[in-house]
Amino acid sequence: MTTTEIKTNDRTTNEATTVRPNPATPRLNFAKTAPKVFRAVIGLDAAAREGLDPALVELVQIRASHLNRCAYCLHMHTTDARKAGESEDRLHMVAVWQEADHFFSDRERSALALTDAVTRIGDAGVPDEVYARAAAHFDEEELAHLLALIFTINTWNRIALSTAKRAGTDER
């Protein structure tokens with residue numbers, strides 16, 4: 001562990017996790033440096049959202065951003081969710097949705113479970129029961145869009161974290 005790393009306990013996995021503080025200054029401007037790639041991700045994001053409930057979109061983006069510890073995206077999507085009328089109670093419960101399942105519909109819980117599995121795909125893949133639960137609540141086209149949304153927010157999280165985007169700046 002370097003001197004800039006801090007050991008914490010992750011309550012979700014109950015394992016020690018290394019946290020690296022965000023650099024003092026942002027790194028490269030991805031949108032300006034790789035504009036074709038950036039536009040392609042924007043296109044994927046827009047296509048993924050089609051046909052999905054905007055409130056569900058924000059819940060999925062918030063959950064993945066929690067899991068990936070992306071403060072920039074978490075701030076952006078909680079702000080967007082509030083503007084769209086999402087309640088503070090539900091926003092606070094997204095991080096612990098399994099223990100607070102009464103805050104979310106069966107459909108939302110199936111989407112959040114799929115978000116967890118796809119975001120943490122290296123841990124156990126996407127279990128059949130998680131996929132089947134989502135497939136029971138979403139038709140094939142919706143499910144494909146939900147998966148694409150999860151892929152996209154994970155990409156955005158990685159862009160923001162890799163380029164040291166600062167939470168609260170909401171530079172889009």
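Okay, let's start at the front end of the chain. Over residues 1-16, pLDDT stays under 50. The model still has 26 contacts beyond four places in sequence for that stretch. Remember, this is a predicted model, and where pLDDT is low, the predicted coordinates should not be read in detail. So how does the protein chain do overall, what's the mean pLDDT? It comes out at 88, and 84% of the residues reach 70 or more.

Now, aromatics. How many aromatic pairs does a search of the whole structure find? Just one. The partners are F38 and W156: their ring centres sit 5.4 Å apart and their planes meet at 70°, and since over 60 degrees counts as edge-to-face, that's what we call this pair. Where do the two rings come from? F38 belongs to helix α2, residues 35-49, while W156 belongs to helix α9, residues 140-162, so the pair ties together parts that are 118 residues apart in sequence. And are they buried or exposed? F38 is buried, at 17% relative accessible area, and W156 is buried too, at 15%.

Last stop, the cysteines. If you go looking for disulfides across the whole structure, you find zero. You might point at C70 and C73, so why don't they count? The closest cysteine sulfur to the one in C70 is in C73, 3.5 Å away, and that's too far for a bond, because a disulfide needs the sulfurs within 2.5 Å. Looking from C73, the closest cysteine sulfur is the one in C70. As for burial, C70 has a relative accessible area of 1%, so it's buried, and C73 is buried with 4%.

Definitions and conventions
Residues are numbered from 1 along each chain as its sequence is written. This is a predicted model: local features need pLDDT of at least 70, side-chain atom pairs count only at pLDDT 80 or more; totals for chains, interfaces and linings use all residues. Side-chain values use heavy atoms; hydrogens and water are left out. Rings of Phe, Tyr and Trp (its six-membered ring) pair if their centres lie within 6.5 Å; planes under 30 degrees apart count as stacked, over 60 as edge-to-face and the rest as tilted. Helices (H or I, at least four residues) and strands (E, at least two) are DSSP runs, numbered from the N terminus. Buried means under 20% relative accessible area, exposed over 50%, partly exposed in between (1.4 Å probe, protein chains only). pLDDT is the predictor's confidence in each residue, from 0 to 100. Contact means heavy atoms within 4.5 Å.
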